[in-house]
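The following questions and answers concern the sheets, helices and nonpolar cores of one protein. Please consult the sequence and the structure while reading them.

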Amino acid sequence: MESRGGSAEAMRGPRVLVVGGGIAGLGAAQRLCRHPASPYLRVLEATARAGGRIRSEHSFGGVVEVGAHWIHGPSQGNPVFQLAAKYGLLGEKELSEENQLLETGGHVGLPSVCYTDSGTSVSLELVAEMASLFYGLVDQTREFLHSARPPVASVGEFLKQEIGQLAAGWTEDEGSRQLKLAILNTFFNLECCVSGTHSMDLVALAPFGEYTVLPGLDCTFSGGYQGLTDHLAASLPKDTLVFNKPVKTVHWNGAFEAAAFPGETFPVLVECEDGDRLPAHHVIITVPLGFLKERMDSFFEPPLPAEKVEAIQKLGFGTNNKIFLEFEEPFWEPGCQYIQLVWEDSSPLQDARPVQPDTWVRKLIGFIVLPPCGSAHVLCGFIAGLESEFMETLSDDEVLSSLTSVLRKVTGNPQLPTPRSMLRSRWHSAPYTRGSYSYVAVGSTGRDIDLLAQPLPVEDPKPQLQLLFAGEATHRTFYSTTHGALLSGWREAERLAGLWEPQAPRPWPRL
């Protein structure tokens with residue numbers, strides 16, 4: 001860990017440690033290792049792999065995305081798209097100008113088929129009508145951006161208030177009205193997956209429109225999203241990435257000595273779980289917000305300033321999980337891309353029910369059909385919130401049994417074969433993640449994102465940049481995305497570069 005070339009001469013650049021080997025940490029490291037200040041650089045990754053919440057697995061005879069799934073807004077303004085294109089990871093369709101210019105508004109496409117829990121199919125015209133109503137209201141939330149007095153506190157409350165008024169004017173019979181509300185409830189659950197929250201009642205209304213949607217039809221990586229982070233990791237000098245190196249405590253604002261550097265002191269000392277104590281001039285923290293929420297009290301010494309602590313506490317961080325089911329033969333029609341599920345007795349206007357062992361599946365929005373791979377036919381289900389976290393506590397057999405039962409009910413086929421295998425994510429249980437991604441919660445604003453991103457110490461007249469913060473939760477307009485995470489890593493690398501620029505670069509060996 002101590003030397004690039006083994007000599008003290010090679011160590012005289014600034015010592016920079018990056019905590020976390022996700023796309024934010026890798027992006028920061030790639031920028032820094034090319035800087036003429038020739039920093040000593042190490043990326044400390046707690047697990048055995050790089051990529052963080054980008055995680056592709058070889059399964060079912062192909063590649064599946066356990067973590068990030070799509071490039072959201074794949075167009076020229078998206079650095080993830082640009083890097084993926086540069087590395088040759090995208091196909092002709094994804095790279096086409098037509099694909100890049102499409103405006104989706106950030107909304108998910110319509111289903112190929114929509115089933116109810118009583119085994120009937122819902123008219124796709126009715127689904128499209130309800131989608132138009134729902135997304136029209138979601139788009140209206142932008143009107144309250146920076147509003148000093150929004151009509152209600154949350155996105156959920158606003159949507160329910162407007163839907164309640166519209167539903168009062170519906171003239172159909174009771175069954176038709178209830179079906180409309182049930183379809184709308186599925187769109188609420190879908191929006192929970194998009195926002196990474198348990199309920200849209202938890203998502204703040206006024207700042208909601210600050211999230212920026214880029215043009216382009218969301219696209220995937222045929223060879224796996226992780227190909228992108230693998231390229232970033234491979235571009236780093238040998239030994240820069242250190243795996244299985246969880247950090248226990250970051251000691252900052254000190255004057256720490258190290259035996260390897262007699263007579264020199266360092267403002268930061270990173271204490272690892274294995275007992276290693278690594279001195280540094282600068283540390284870039286890129287761990288997920290969920291980890292900070294759980295561990296910040298013991299992770300920083302001295303504790304973080306009160307303002308930053310409050311920002312961490314107030315911002316939202318939820319769970320969105322995937323469940324992959326592999327079938328011997330597809331029960332869906334050729335060309336089917338998305339199977340939507342609707343629970344007929346559900347309504348966004350009802351009070352939420354507590355999560356029960358037999359009701360967690362009702363939060364499932366349905367399944368996307370993965371491209372066929374050899375003899376494998378795979379569905380990928382999405383589920384968010386507390387139900388998603390409850391699912392993580394169940395055994396594989398329990399999850400498989402519940403989903404088989406659901407699919408038999410919705411298709412009206414009690415003989416539907418049990419899936420031959422299953423794979424699922426467990427992002428809430430992952431100790432260094434503790435969830436999926438961030439949102440601006442009721443009681444917080446975009447200013448809290450900026451406070452989270454603010455380097456420490458703050459009050460110093462001359463910036464020292466001892467601790468810098470990156471990751472998707474630190475990007476005010478692209479939070480929850482891989483491009484937000486990458487841009488945040490670049491931002492902190494540029495911040496450090498700005499600190500070093502006035503100094504004449506020392507001609508130490510490159511990393």
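Q: At what angle to E7 does helix H9 run?
A: The model under discussion is predicted. In this model, helix H9, residues 289-299, lies across strand E7 (247-251) and E13. The angle at which H9 runs to E7 is about 55°.

Q: Which strands are the edge strands of the open sheet of 4 strands?
A: The 4 strands follow the order E11-E10-E7-E13, and their pairing is mixed. An edge strand here pairs on one side only. The edge strands are therefore E11 (277-280) and E13 (300-301), since each pairs on one side only.

Q: Which residue in E11 is the bridge partner of Val-268?
A: Strand E10, residues 268-272, is joined to E11 by 4 bridges, and the two strands run antiparallel. Val-268 has its bridge partner in E11, and that partner is Ala-280.

Q: Why is one side of E5 and of E19 left without a neighbour in the sheet?
A: The open sheet of 6 strands has the order E5-E16-E17-E18-E15-E19, with mixed pairing. Strand E5 (113-116) and strand E19 (421-424) stand at its edges. One side of each is left without a neighbour because each has a single partner strand.

Q: By how many degrees are neighbouring strands of this sheet turned against each other on average?
A: The sheet in question is the one with the order E5-E16-E17-E18-E15-E19. With direction ignored, the average turn between its neighbouring strands is 20°.

Q: Which residue in E18 is the bridge partner of Lys-322?
A: Strand E15 (residues 320-327) and strand E18 (residues 377-384) pair in the antiparallel sense over 8 bridges. Within E18, the bridge partner of Lys-322 is Phe-382.

Q: Which strands does helix H11 touch?
A: Helix H7 (residues 174-195) packs on the sheet and touches E5, E15, strand E16 (338-342) and E18. Helix H11 (residues 385-393) also packs on this sheet, and its direction makes about 120° with that of E18. The strands touched by H11 are E15, E18 and E19.

Q: How many residues does the largest nonpolar core have?
A: Helix H5 (124-140), helix H6 (155-167), H7, E16 and E18 each supply at least two residues of this core. Among the residues with the most contacts inside the core are Phe-134 and Phe-187, and Phe-187 touches Phe-134. In soluble globular proteins, nonpolar side chains tend to be buried together. The number of residues in the largest nonpolar core is 50.

Key. Residues are numbered from 1 along each chain as its sequence is written. This is a predicted model: local features need pLDDT of at least 70, side-chain atom pairs count only at pLDDT 80 or more; totals for chains, interfaces and linings use all residues. Side-chain values use heavy atoms; hydrogens and water are left out. Contact means heavy atoms within 4.5 Å. Axes are lines fitted to C-alpha atoms, for helices over the stretch in contact, and angles run from 0 to 180 degrees between N-to-C directions. A nonpolar core is a set of buried Ala, Val, Leu, Ile, Met, Phe, Trp, Tyr and Cys residues joined through side-chain atoms within 4.5 Å. Buried means under 20% relative accessible area, exposed over 50%, partly exposed in between (1.4 Å probe, protein chains only). Lists of a residue's contacts leave out its neighbours within four places in sequence.
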